[in-house]
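Colleague: I am new to this one, and I would like to understand the labels people put on it. Could you walk me through a few?

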Amino acid sequence: MTTSTTQRQSEPVIQIKNASFSYGSAPVLESISLAVEPGEFLGIVGPNGSGKSTLLDLMVGLRQPDSGTVRLFGEPATDFAAGERIGYVPQDATTVAREMPITVREVVRMGRYPRRLVGRFSAADRQAVDDALEQVGIADLAARRVGRLSGGQRQRVFIARALAAEADLLALDEPTVGVDAESREAFYELLADLNRSGLTIILIDHDIGVVTTYATEIACLNRRLYFDGDPNEFVATDALAEAYGTDQHVLHHNH
Amino acid sequence: MSVHTTTVRPVGSALQFSPVESLFTVFEWFLTNVYGAGMDLLADLSGVQMLGYPYMQRAYLAAVCIAVIGPLVGTFLVHRELSMLSDTLAHTAFAGVAVGLFLNATFSLSVSPLATAFIVAVGTALLVELLVDYAGAYSDTSLAIVLTGGFAVGSVLITATDGGIAVGINAYLFGSLATVSKTNVGLLVFMSLFIGSLVALAYRPLLYVTVDATAAKAARLNVRLYKRLMVVLTALVVVSAMQIMGVILVAAMLVVPVAAAALVARSFKQSILLAILAAEFAAIVGVTISYHYGLAAGGSIVLAAIGVYAAVLSVQKLTDGTGLLSRQRSPQRSVDQSTTTVKADGGDEE
């Protein structure tokens, strides 16, 4: 992975300043300011409809804020052109390709497409694909149809795609929906490992206990930002109750 | 038995003509001296006389081309869950044909109805894609409105033109082998090469957009461009194939073989290849049956294709049901089983 070379600059991976976004007249996000530092594992939590996915879209430059700025690797996020640096796993990744005849390797190879849209794959391209498959432990499934894997295995395929891209940032939107508890834990261990090796990760998940266990930073969101900081601190404050508007108890998993 | 005489204008003289003309001359030479001669030989060897008739040779060549480009583009379309779009564009292509005939009759022009069909179908394709940009998603309803609207425009224009032009409309609606001229086949071969090269060039972005458009956008692929390319390709295929298959049935060539291939294929590339094979089988069987029994070619081809789909489906259900072959044939059974099973059916990629 190339994360260490690209993160020598001290600039944040993502810098959001006072960003607001609305669908029509319905405000979704209000004056959000947030920075994601290199090597961070940011967990975004918040109730349904709190604007988590929209915030992630702003971060990776899929949407433009109505006001405020979002910078990605120091550039305005929507103008940022080096697609291979962003590994994005959309919310519906588990349903993607379920019916489609496509192999694990074919999906992982897509990670190289931003670098090589036409022409033969180089030895380096093929090596990156093989390494990515190996790294998430699905090398033996490479020739299998993605739709015929279990939910947990399928998630790893999309992580491998981001790794094959040699991305510096991995952004995941509720990746473990429909994945059984055991695979989910293994999946988060994998994310934590990747984070320790230097990959910056942003994760949205509804399971607050899991997020606070694995993330190094927590952003608690419900249209505006209720908390941004250390997970342990987050558990101690009542930001969660404020954001959710009810009594919520955090089950902090011990690992 | 030799239907053709072999002395045609030498290829060299083609240089004196305009590029299009000389291209066509080369094609004509190929059609007669290479393809035609080959088919004549085949007819002699096999004793199947119809293979020696020039118009049947053209029909087979046209059907073979359609069976390549239909599934080639259809595979992307079907897996983007846009099967309906091919039907919609076919029906608006009919409006395009009617526009051409109407212009010719009203202003005494000699525009090719096929040319207006191309323009109208490609225009509609881009318009639909533009609407989707604003509305966010394709909806059955909007496609149904465009489909029926296109067909309505076609039927109104035809009746608005003085009687005569209704003649020949049947050929466009239901397709016809008899009307396939050298020019038609030449155009079809050219379009097949053109469509084939475009898909080959844009294979990766088209695949990425088909599988996962949001991730493709995050990877900074020009998703909008490739979505447009996909619908334009669909329009080109539909209009190219329209004359043989007919407006009403042409969509089947983009959908049915693809559906059959999706049942058994493991990889996307394999599914394109299998879909083309299924379509070739259906096309050749369909054209042959249609000639022998004097039946509609389009309908015969589509029925043959559906036959292939049904056969694949029932073989699959049967083997799944008995469990005898299921371990080998359908890997989904063994996902959570031992790794030996994984290796047993998982080693043929690349």
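Modeller: Gladly; we will take some labels in turn and set each against its definition, keeping in mind that this is a predicted model.

Colleague: Let's start with the sheet in chain A. What is the order of its four strands?

Modeller: The order is E2-E1-E4-E5 in chain A, an open sheet with antiparallel pairing.

Colleague: What makes E2 and E5 of chain A edge strands?

Modeller: Each of them pairs on one side only. E5 of chain A covers residues 75–76, and E4(A) joins it through two bridges in the antiparallel sense. Two strands count as paired if there are at least two bridges between them, so E4(A) and E5(A) qualify. In that pairing, A:Arg71 stands opposite A:Pro76.

Colleague: And how many bridges hold E1(A) to its partners, E2(A) and E4(A)?

Modeller: Seven bridges link E1 (residues 14–23) and E2 (residues 26–36) of chain A, while five join E1(A) to E4 (residues 67–72). A:Ile14 shows both pairings: A:Val36 in E2(A) stands opposite this residue, and A:Leu72 is its bridge partner in E4(A).

Colleague: What lies between E1(A) and E2(A) in their hairpin?

Modeller: Two residues separate them, and A:Gly24 in the turn has a positive phi of about 60°.

Colleague: Which residue in the loop between H5 and E7 of chain A has a phi near 55°?

Modeller: That is A:Glu166, with a positive value in a residue other than glycine. Most residues other than glycine have a negative phi.

Colleague: Why is A:Glu166 called buried?

Modeller: The cut-off is 20 or more other C-beta atoms within 10 Å. A:Glu166 has 21 such neighbours, so it counts as buried.

Colleague: And A:Arg223, buried or exposed?

Modeller: Buried, because A:Arg223 has 22 C-beta neighbours inside 10 Å. This residue sits in the loop between E9 and E10 of chain A and has a positive phi of about 70° although it is not a glycine.

Colleague: Now to chain B. How do you know that H3(B) and H5(B) are roughly parallel?

Modeller: Their axes cross at roughly 20° and come within 8 Å. Angles under 35 degrees count as roughly parallel, so H3(B) and H5(B) earn that description. Their crossing is left-handed.

Colleague: Which kinds of residue make up the contact of H3(B) with H5(B)?

Modeller: The contact residues divide into 17 nonpolar, five polar and two charged.

Key. Residues numbered from 1 in each chain as written. Chains lettered and ligands numbered in written order. Predicted model: local features only at pLDDT ≥ 70, side-chain atom pairs only at ≥ 80, totals over all residues. Axes fitted to C-alpha atoms, helices over the stretch in contact; angles between N-to-C directions. Parallel < 35°, antiparallel > 145°, perpendicular 65-115°, else oblique. Left-handed = near helix turned anticlockwise from the far one by under 90°. Nonpolar A, V, L, I, M, F, W, Y, C, P; charged D, E, K, R; others polar. Buried ≥ 20, exposed ≤ 12 C-beta atoms within 10 Å, placed from the backbone.
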